[in-house]
Amino acid sequence: MVRERGVDLAQPPQGGLFRKFVVLIVFISVNFAACVSERVAPERCLIWGPGLNPDVVLPVRYFVIQAVDSNGEKLTVSPGRDTFKVKISPLDKKEHIRIHVPPPLDRQDGSFLVRYRLYGTVLNGLTVEVLHQDAAVAKSPYTIRGPVYHEYCDCPEHDASVWQGVMQCPAEEPQVLADFKSFPSVDLERIRQEVPHRFVNRGGLIHYAIIDNKLYRRTLGKYTDFKMFSDEILLSLTRKVRVPDVEFFINVGDWPLETRRSDAVPVLSWCGSTDTRDIVLPTYEVTHSTLETMRGVTNDLLSVQGNTGPPWINKTDRAFFRGRDSREERLHLVSLSKKNPELLDAGITGWFFFRDREKHVGKAPLVGFFDFFKYKYQVNVDGTVAAYRFPYLMLGNSLVLKQDSQYYEFFYSHLKAGTHYIPVKRNLSDLLEKIEWAIQNDAEAREIARAGQSAARELLQPSRLYCYYYRVLQVYAERQTGRPTRHADMELVSQLDDHTAKCTCERKEEANMKDEL
Ligand SMILES: *[C@@H]1O[C@H](CO)[C@@H](O)[C@H](O)[C@H]1NC(C)=O
Ligand SMILES: *[C@@H]1O[C@H](CO)[C@@H](O)[C@H](O)[C@H]1NC(C)=O
């Protein structure tokens, strides 16, 4: 390395002056090497996160490494994407389990996100080594005592409060509280009649019952393919925690349904609106990408954190938008962009809803999502409902300009306009003004972007998603009157029973023993 090269240089010294010169170079380069390696002080770095706790079972486990220098200061810029190496292996070499550990994601702010997916359950446990060059980082190696269950192991924790504690679920979810204000009690007999009767022609409804932690369902309506998303999360949840017996309807269509102010019925939907009384769940988009992280999806809420484009100062000082023509304001955005190209770069990449306007507006080539972050400002305009890219935009390090909207997702209530993003009028009449403000107030704009990103990292972590689903079902179950029932036309939605699901669940044995006593 640098030191060795210095020694090589010092080898053929002829004459005093040259030698002094070489010594000086060696001195400088050794000093430089010392200075670089001291920037990250391996033993002072910090490591934390649910991925170090065996009881936090998630599709992909994760933890954070914060780089710290020898003065104990946290680094705020990247020390280089290859700064840390992570090795994860079974404690017992006889346990052969596939573990996928991609390189840590460089979040460009001195922190790194480590992800790993287990393809089997490890009974004895795991060892996690984190290295900087060859030195152990923080308290590495970490021992994660087994059993460490993998995603497909059907092994629910029977005591839900224990599970919520392990997952560090928040004590309250304000959106859940707000949504259930309309439903102090849920009369099962009534909703079995009324929900199908009123909403069956509105797209797709899935009628679920969870009884003894087993999932049953029947489908109602024409468009029910999206049940794959609700099935997969409910199965995943019941593998991790015992869910109370509960019977409910999930609306798998785009729009929320219940517009009544009084006598409303509870329907669970992926998107909420201020005009409706639906109970919001995390969108199928966020849910599926969390379940399939490092498997079937390319953009997910973790990988986006390592692909946020150039540092702030290197981003283009312009607002950016690409998307389909799913709402008229998006076309308006393109015309604003044509008149003000120095402020805004907007284009429609797919035509479906307003095809007759394509020849006037034009079609822009697709841009990979991670390339959005070459721009400092991101415009978020609704699609048919809330734009489901919003969580991903918030996780980047650009400033989000969000169109005012009656639509919302499960986490919006934690975000404040002006603190975490910049609000823009629904008709976009103040958009250009807001972009100009951001350009002229760069430090403030950057701070809002940073605050938004930091809130999104907390709110959109996989563990919080599971907490949220559980909380909705728990509050719902507490308010049910009548008995949740598997109806004759409901089928069992079963857990996988192929080799991927194979595991020995020690919790089940404990629970059985308790039952026998
Ligand atoms: C950012 O811009 C500076 C010059 O302003 C340049 O030196 C640096 O290499 C750029 N960094 C990246 C990551 O593009
Ligand atoms: C845009 O909406 C605002 C209200 O939010 C209204 O005052 C304004 O007149 C509208 N502008 C246009 C051009 O329609």
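This report walks through a predicted model of one protein chain, from its overall build to a few local details.

## The chain as a whole

Let's start with the big picture. The protein chain contains 14 helices and 24 strands. Its C-alpha trace spans about 100 × 70 × 35 Å along the principal axes. Of the 517 residues, 38% are buried. If we take the contacts between residues at least 6 apart in sequence, 66% of them join residues at least 24 apart.

How far can you trust the picture on your screen? The average pLDDT of the chain is 91, and 91% of the residues score at least 70. The beginning of the chain needs some care: over residues 1-37, pLDDT stays under 50. For that stretch, the model has 17 contacts beyond four places in sequence. Where pLDDT is low, the predicted coordinates should not be read in detail.

## The nonpolar core

Now look inside. In soluble globular proteins, nonpolar side chains tend to be buried together. In this model, the largest nonpolar core has 113 residues. Ile65, Phe249, Ala319, Leu399, Leu401 and Tyr469 have the most contacts inside this core. Helix H13, which covers residues 462-479, gives the most to the core, with 8 residues.

Which residues does Phe249 touch, if those up to four places away in sequence are not counted? The list is Ile191, Val195, Leu205, Ile206, His207, Val267 and Leu268.

## Helix H6 and its partners

Two packed helices are described by the angle between their axes and the distance between the axes. Try this with helix H6 (residues 227-240) and helix H7 (residues 284-291): their axes come within 10 Å and cross at roughly 55°. That angle makes H6 oblique to H7. The contact is made by Phe229, Glu232, Ile233 and Ser236 on the H6 side, and by Tyr284, Thr287, His288 and Leu291 on the H7 side. The crossing of H6 past H7 is left-handed.

H6 also packs against H13, at an angle of about 90° and with the axes 11 Å apart. H6 is therefore roughly perpendicular to H13. Here H6 contributes Ile233, Leu237 and Lys240, while H13 contributes Tyr466, Tyr469 and Tyr470. Notice that Ile233 takes part in the contact with H7 and also in the contact with H13. Tyr469 is worth a second look too, as one of the residues with the most contacts inside the core.

## How H7 is covered

Is H7 mostly covered or mostly open? H7 is mostly covered, with 6 of its 8 residues buried. Those buried residues are Tyr284, Val286, Thr287, Ser289, Thr290 and Leu291. Their cover includes H6, H13 and helix H10 (390-395).

## A loop residue, Leu75

Not every leucine sits in a buried spot. Leu75 is in the loop between strand S2 (61-66) and strand S3 (84-90). Leu75 counts as partly exposed because it has 17 C-beta neighbours inside 10 Å, and a buried residue needs 20 or more. Apart from neighbours within four places in sequence, Leu75 is in contact with Ala67, Val68, Asp69 and Gly110. Val40 is 35 residues away from Leu75 in sequence, yet their C-alpha atoms are 8.1 Å apart in space.

## Unusual backbone spots

Most residues other than glycine have a negative phi, and most peptide bonds are trans. Where does this model depart from that pattern? The peptide bond from Ser140 to Pro141 is cis, with omega near 0°. Pro141 belongs to the loop between strand S8 (135-136) and strand S9 (142-145). Gly146 and Pro147 are also joined by a cis peptide bond, with omega about 0°. Pro147 is in the loop between S9 and helix H3 (160-166).

Positive phi values turn up as well. Met294, in the loop between H7 and strand S17 (316-324), has a phi near 60°. With 16 other C-beta atoms within 10 Å, Met294 is partly exposed. Leu428 has a positive phi of about 65° and lies in the loop between strand S22 (422-424) and helix H11 (431-440). Leu428 is partly exposed too, with 19 C-beta neighbours inside 10 Å.

Key:
Residues numbered from 1 in each chain as written. Chains lettered and ligands numbered in written order. Predicted model: local features only at pLDDT ≥ 70, side-chain atom pairs only at ≥ 80, totals over all residues. Core = buried A, V, L, I, M, F, W, Y, C linked by C-beta atoms within 7 Å. Buried ≥ 20, exposed ≤ 12 C-beta atoms within 10 Å, placed from the backbone. Helix = DSSP H or I, 4+ residues; strand = E, 2+ residues; numbered from the N terminus. Contact = placed C-beta atoms within 7 Å. pLDDT = per-residue confidence, 0-100. Axes fitted to C-alpha atoms, helices over the stretch in contact; angles between N-to-C directions. Parallel < 35°, antiparallel > 145°, perpendicular 65-115°, else oblique. Left-handed = near helix turned anticlockwise from the far one by under 90°.
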